[in-house]
Amino acid sequence: VVITTRLLVSHLSGIRHYEKDITKVKEEKEKANKAFKLTKSNQEKELKEKEAKGLEKTDSFKAKKEHEDEIKSRNSKPGRREKEFEQEEYYLKEKFESVIESLKIFKNDPLFFKPGSQFLYSTFGFTLLSAVVERVSGQKFTDYMQKMFRDLDMLSTVQDDNEAMIYNRARYYVYNKKGRLVNAPYVDNSYKWAGGGFLSSVGDLLKFGNALLYSYQVGQFKNINGKLLPGYLKPDTVTMMWTPVPKTEVSWDRDGKYAMAWSVAEKKQQYGCCRQQRRYASHTGSAVGASSVLLVLPEELGSEAMENGLVVPPRGVIVTIICNMQSVSLSNTALKIAREFDKEKWVQ
């Protein structure tokens, strides 16, 4: 078989994730799909019943419903960890000197499917991707990334090295089986730097989001007297990164499809005066004792504003949330925040 870097970056390679048993992976996927279909069916049924009774959902009803859902979410049993975090490889303590060395964890394991035929989110796929970077660049992957972080002015972003003294490094927390908050267990992330081994700050992730948004938009603006500097990446590169790839899916966002290392929701509106979906790109992060999300909502600009130089990139909303607690769902919260700020901009 042939595994390309594009297949790796879109999780279409067939390389396993933490679960080694393909049967269990298929079962979990089927359960998730059934649950989603059932939820959707129940929502449609409930809506039809209310329409039949002539009831309308007022703003106060929606607010009450959201409040009830929030309370249910808070009161849900915290000790019920995601099954993914029950996998032993999440808690590896072995230190690897290079990402190429860490390939020994999975390099002899069979592929779950023919590359390019199915989607399976794989942290180890990104470990292989980082090994490609290491070989091509002739540098250690972590050294290569640190140079990039410096270019992006992300001076607080470093590898999560247990031995190093890192200023303001947070403690990590998890809920135990009794539902009590405890310190997260010790792990060594040197086996997966690219798939969840870096520490960052909200400020640095905002810089990262703005650098990508600028690169994405700068080609759309008329470069008046050469005032606009080029983006860190070419506009076509970011457009390619943010273009959904066929056969992919996203577990944390049903509106999105996976692109190249990003989840992307396309602009869509099926009916007049009904739900309108804006285009945005996002990705969540999940590690032992930590959760995060970064969301980029580009502003929809008219050609006149761009051609006359009335505005300059980046234009849009960047939202990032970092939480030093395991298994916290943050994607919906980030999207709500982005929409509120976007709404405020239009009001002003």
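# Notebook: surface, cores and sheet of a predicted model

I began with the accessible surface of the protein, which comes to about 21,700 Å², with 53% of that area belonging to carbon and sulfur atoms. I keep in mind throughout that this is a predicted model.

**Entry 1, overall make-up.** I looked up the secondary structure and found that it comes to 10 helices and nine strands. Of the 348 residues in the protein, 36% are buried. I then turned to the contacts with a separation of 6 or more, and noted that residues 24 or more positions apart account for 65% of them.

**Entry 2, the largest nonpolar core.** I asked which residues of the largest nonpolar core touch the most other members. The core has 42 residues, and the ones that answer the question are Phe124, Trp242, Trp262 and Val288. I listed the elements that each supply at least two residues of this core, and they are α1 (5-9), α5, α6 (141-151), α7 (202-217), α8 (235-241) and β8 (290-298). The core also draws at least three residues from domain 1 (1-37 + 79-177 + 186-195) and at least three from domain 2 (200-347). I set beside this a general remark, that in soluble globular proteins nonpolar side chains tend to be buried together.

I looked more closely at Trp242, leaving out residues up to four places away in sequence, and recorded that this residue touches Leu212, Leu213, Tyr216, Ala259, Trp262, Val264, Arg279, Ala281 and Val296. Apart from the largest core lies another core, of 13 residues, and among them I noted Tyr280, Val319, Ile321 and Cys323.

**Entry 3, the five-stranded sheet.** I traced an open sheet of five strands in the order β5-β6-β7-β8-β9, with antiparallel pairing. The edge strands are β5 (257-258) and β9, each of which pairs on one side only.

Working through the pairs, I found that β6 (residues 263-265) and β7 (residues 280-287) are joined in the antiparallel sense over three bridges, and that Ala265 has Tyr280 in β7 as its bridge partner. Strands β7 and β8 pair in the antiparallel sense over seven bridges, and here the bridge partner of Ser286 is Ser291 in β8. These two strands form a hairpin with two residues between them, and I noted that Gly289 in the turn has a positive phi of about 85°.

How many bridges join β8 and β9? I found eight, again in the antiparallel sense; the bridge partner of Val293 is Ile321 in β9, and that of Ser291 is Cys323, also in β9. I then checked whether β9 (residues 316-323) is covered, and the strand is mostly so, with six of its eight residues buried.

**Entry 4, helix α7.** I looked up the span of α7, which has 16 residues and reaches 22 Å from its first C-alpha to its last, close to the 22 Å expected at 1.5 Å a residue. The buried residues I wrote down for α7 are Asp204, Leu205, Gly209, Leu212, Leu213, Tyr214, Ser215, Tyr216 and Gln217. The buried residues of this helix pack against α8, β8 and β9. Among them, Leu212, Leu213 and Tyr216 are residues that I had already met as contacts of Trp242.

**Entry 5, helix α5 and Thr123.** The 15 residues of α5 should span 21 Å at 1.5 Å a residue, and the end C-alpha atoms are 21 Å apart, so the helix agrees with its expected span. The buried residues of α5 that I listed are Thr123, Phe124, Gly125, Phe126, Thr127, Leu129, Ser130, Ala131 and Glu134, and the buried residues of this helix pack against α1, α4 (99-102) and α6.

Thr123 lies in α5 (residues 123-137). Is Thr123 buried or exposed? I have it as buried, because its relative accessible area is 5% and the cut-off for buried is under 20%. Not counting residues up to four places away in sequence, Thr123 touches His17, Tyr18, Lys192 and Gly195.

**Entry 6, Asn189.** Where is Asn189 found? I located Asn189 in the loop between β3 (181-183) and β4 (198-199). Asn189 counts as buried, because its relative accessibility is 7%. Leaving aside neighbours within four places in sequence, I noted that Asn189 is in contact with Asp160, Gly196 and Gly197.

Conventions:
Residues numbered from 1 in each chain as written. Predicted model: local features only at pLDDT ≥ 70, side-chain atom pairs only at ≥ 80, totals over all residues. Heavy atoms only, no water. Buried < 20%, exposed > 50% of the residue type's maximum accessible area, 1.4 Å probe, protein only. Contact = heavy atoms within 4.5 Å. Core = buried A, V, L, I, M, F, W, Y, C linked by side-chain atoms within 4.5 Å. Domains from an automatic or database assignment. Pairing = 2+ DSSP bridges. Expected span 1.5 Å × (residues − 1). Areas by Shrake-Rupley, 256 points an atom, 1.4 Å probe, with all protein chains shown as cover.
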